[in-house]
Amino acid sequence: MSSEKMKTAEAAQYISKSTGWLNKSRMNGSGPVYLKIGGAVRYLRTDLDAWLDSKRRTAIYDFANDNRRAQAAAS
């Protein structure tokens with residue numbers, strides 16, 4: 001398990017999002033898991049990878065999306 005800790009800007013670049021998006025996602029819970037160490041926010045690469053893997057889809061529409069097939073493709 002990688003314990004590499006990334007700052008918000010590094011994590012945003014890694015997942016191809018803006019730092020603003022990551023900041024907002026921490027407020028509403030829609031983004032990747034993060035660490036709060038004192039006043040510092042850090043992201044583990046493994047958590048970012050897990051979040052990216054959870055976004056795999058097989059179809060545009062939710063009713064047609066086959067999550068099991070998408071997750072199997074990630075393995």
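Here is a short walk through the predicted model shown above, from its overall fold to one patch on its surface.

Let's start with the chain as a whole. The protein chain holds four helices and three strands. If you follow the sequence from its beginning, these elements come in the order β-α-α-β-β-α-α. To get a feel for the dimensions, take the C-alpha trace: along its principal axes it spans about 40 × 25 × 20 Å.

Next, consider how the chain packs. Of the 75 residues in the protein chain, 21% are buried. Contacts tell another part of the story: taking those between residues at least 6 apart in sequence, 38% link residues that are at least 24 apart.

Now turn to the outside. The protein chain exposes about 5,300 Å², and 51% of that area is supplied by carbon and sulfur atoms. Charge is worth a look too. There are 13 positive and 7 negative side chains in the protein chain, and a distance of 6 Å separates the centres of the two sets.

Finally, let's zoom in on one spot of that surface. Ile60, Tyr61 and Phe63 together make a nonpolar surface patch of about 470 Å². Where along the chain does phenylalanine 63 lie? You will find phenylalanine 63 in the loop between α3 (45–54) and α4 (67–74). And is phenylalanine 63 buried or exposed? Its relative accessibility is 75%, and exposed means over 50%, so phenylalanine 63 counts as exposed. In the model, then, this loop residue is part of the nonpolar patch alongside Ile60 and Tyr61.

Conventions. Residues numbered from 1 in each chain as written. Predicted model: local features only at pLDDT ≥ 70, side-chain atom pairs only at ≥ 80, totals over all residues. Heavy atoms only, no water. Helix = DSSP H or I, 4+ residues; strand = E, 2+ residues; numbered from the N terminus. Buried < 20%, exposed > 50% of the residue type's maximum accessible area, 1.4 Å probe, protein only. Contact = heavy atoms within 4.5 Å. Areas by Shrake-Rupley, 256 points an atom, 1.4 Å probe, with all protein chains shown as cover. Lys, Arg positive; Asp, Glu negative; His and termini not counted. Charge placed at Lys NZ, Arg CZ, Asp CG, Glu CD. Patch = residues over 30% accessible without salt bridge, like charges linked within 9 Å, V, L, I, M, F, W, Y side chains within 5 Å. Salt bridge = Lys/Arg side-chain N within 4 Å of Asp/Glu carboxyl O.
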